[in-house]
Amino acid sequence: MLFRSDFEDILGPAAAADLIIKRDSLRLYDSEAQLEAEAAEWRTKAAQGYEMKRLSGDEAREIEPAISPDVPCAAFHGGWYFVRNPERLVKTIAEAFVREGGEIVRDEVKTLVPEGGRVAGLILAAGGRRAVDRLAICAGAYSHLLARMLGEKVPLEAERGYHLVLPDPGVTLTRSLTYASTPGAATPMEMGLRLAGTDEFAGLDAPPNYARADALWHHFKRVLPALREPDARATRWMGRRPGLPDSLPVIGPSRRMANVWYGFGHGHMGLTWGPTTGRLLGEIVSGAKPNIDLSAFRVDRF
């Protein structure tokens, strides 16, 4: 798959093998009718080369014994992978960037300085002005605020997601599980079992509502009956996922500034498509022709 090769190009084969687990997932259902309701999605995925297979509840439990005996059926989803530790993955990429001569500056961009149809510099909260030759804006859910400084309006909204990590979950999984009755996934990681999901529209600045994270335990307890309750070691997190009305990202040049490019708006797929977006931006910034048509991702499509 495209995103896998791009991850390996960034991380190197050894680091990718350590951090990225290529293991197909299981999707769990409460009924045959619930499974049949997703038939169109199955056909779409199969047409794109992903193996899809119906399993009985017993077949699913042969693969993952922690699954409840009340689960009547499941689906095998081929072509899946998950990250063992997202924080370690990002830090590994950052360390490689610095080794290759890059510099990481932790600061807030207060203003973009346009001059003659280009961005000439950035005004930083603590670091004064920094000159700009070429600028890629990849600021996640905050990207539209920077684009607005250049006169480009992007209807981006933060789709806030939550997760709960249980260091001692009481169950052992070898792969990600998704549950059709609730939007989320249970994924085994270095830190423990991560229960993730939900989609909250509350803007950028509202305080986290960690009741949403705790609700994930109740959802997955239905299909993982031995799941232990969160204790003092459990951790909770909220992240702002940048969503756009058509569910496509913005990838490509600014229409107002000759030396600015965008790469943001991947919704729930930012970690998956980050390496490929970086490669595509690198190609177009350097004048190379990308291997796909990027017109559907242009910033002025709305």
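## A tour by selection

Start with glycine 128, which counts as partly exposed because its relative accessibility is 34%. The residue lies in strand E8, residues 128-131. Now add threonine 44 to the selection: its C-alpha atom and that of glycine 128 are separated by 51 Å, with the two positions 84 residues apart along the chain. Keep in mind throughout that this is a predicted model.

**Stop 1: salt bridges towards the N terminus**

The structure holds 26 salt bridges. Select glutamate 8 and lysine 22, whose closest N and O atoms are 2.7 Å apart in one such bridge. This pair links distant parts of the chain, 14 residues apart: glutamate 8 sits in helix H1 (residues 2-11), and lysine 22 in the loop between strand E1 (20-21) and strand E2 (25-29). Glutamate 8 has a relative accessible area of 30%, so it is partly exposed. Lysine 22 is partly exposed too, at 48%.

Next select arginine 27 and glutamate 38. They form a salt bridge in which the closest N and O atoms are 2.9 Å apart. Arginine 27 is in strand E2, while glutamate 38 is in the loop between helix H3 (32-36) and helix H4 (39-47); the two are eleven residues apart and the pair links distant parts of the chain. Is each partner buried or exposed? The cut-off for buried is under 20% relative accessible area. Arginine 27 has 16% and is therefore buried. Glutamate 38, at 13%, is buried as well.

**Stop 2: a nonpolar surface patch**

Show the surface and select Phe97, Val98 and Ile104. These residues form a nonpolar patch there, with about 270 Å² of accessible area together. Isoleucine 104 belongs to the loop between helix H6 (86-99) and strand E6 (109-115). Its relative accessibility is 46%, which means that isoleucine 104 counts as partly exposed.

**Stop 3: aromatic pairs**

There are three aromatic pairs in the structure. For one of them, select tyrosine 162 and tyrosine 210: the arrangement is edge-to-face, with 6.1 Å centre to centre and 90° between the planes. The partners come from distant parts of the chain, 48 residues apart, with tyrosine 162 in strand E10 (residues 157-166) and tyrosine 210 in the loop between strand E13 (192-201) and helix H8 (211-221). Tyrosine 162 is buried, because its relative accessible area is 2%. Tyrosine 210, by contrast, counts as partly exposed at 34% relative accessibility.

Move on to tyrosine 262 and phenylalanine 264. This aromatic pair is also edge-to-face, at 5.6 Å centre to centre with 85° between the planes. Tyrosine 262 counts as buried at 0% relative accessibility, and phenylalanine 264 is buried with a relative accessible area of 1%.

**Stop 4: strands E11, E12 and E13**

Select strand E12, residues 182-189. How many of its eight residues are buried? Seven are, so the strand is mostly covered. E12 has a partner in E11 (residues 177-179): the two run antiparallel and are joined by three bridges. A hairpin of two residues connects E11 to E12. Another partner is E13, which pairs with E12 in the antiparallel sense over six bridges. Here too a hairpin makes the connection, through two residues.

To follow the pairing from strand to strand, select leucine 177, alanine 186 and leucine 195. Alanine 186 in E12 is the bridge partner of leucine 177. Alanine 186 also has leucine 195 as its bridge partner in E13.

**Stop 5: salt bridges around helix H8**

Select aspartate 214 and arginine 236, whose side chains meet in a salt bridge at 2.7 Å, N to O. The pair joins distant parts of the chain, 22 residues apart: aspartate 214 is in helix H8 and arginine 236 in strand E14 (residues 235-243). Aspartate 214 counts as partly exposed at 28% relative accessibility, as does arginine 236 at 33%.

Then select Asp168, Arg228, Asp231 and Arg233. A network of salt bridges links these residues.

**Stop 6: helix H9**

Finish with helix H9, residues 270-285. Where does the helix bend? The bend is at threonine 276 and amounts to about 25°. Threonine 276 is also one of the buried residues of H9, among them Thr272, Pro275, Leu280 and Ile284. After the helix comes glycine 287, whose phi is positive, near 90°.

Technical notes: Residues numbered from 1 in each chain as written. Predicted model: local features only at pLDDT ≥ 70, side-chain atom pairs only at ≥ 80, totals over all residues. Heavy atoms only, no water. Patch = residues over 30% accessible without salt bridge, like charges linked within 9 Å, V, L, I, M, F, W, Y side chains within 5 Å. Areas by Shrake-Rupley, 256 points an atom, 1.4 Å probe, with all protein chains shown as cover. Salt bridge = Lys/Arg side-chain N within 4 Å of Asp/Glu carboxyl O. Helix = DSSP H or I, 4+ residues; strand = E, 2+ residues; numbered from the N terminus. Buried < 20%, exposed > 50% of the residue type's maximum accessible area, 1.4 Å probe, protein only. Phe/Tyr/Trp six-rings, centres within 6.5 Å; stacked < 30°, edge-to-face > 60°. Pairing = 2+ DSSP bridges. Bend = angle between axes of the 7 residues up to and from the residue.
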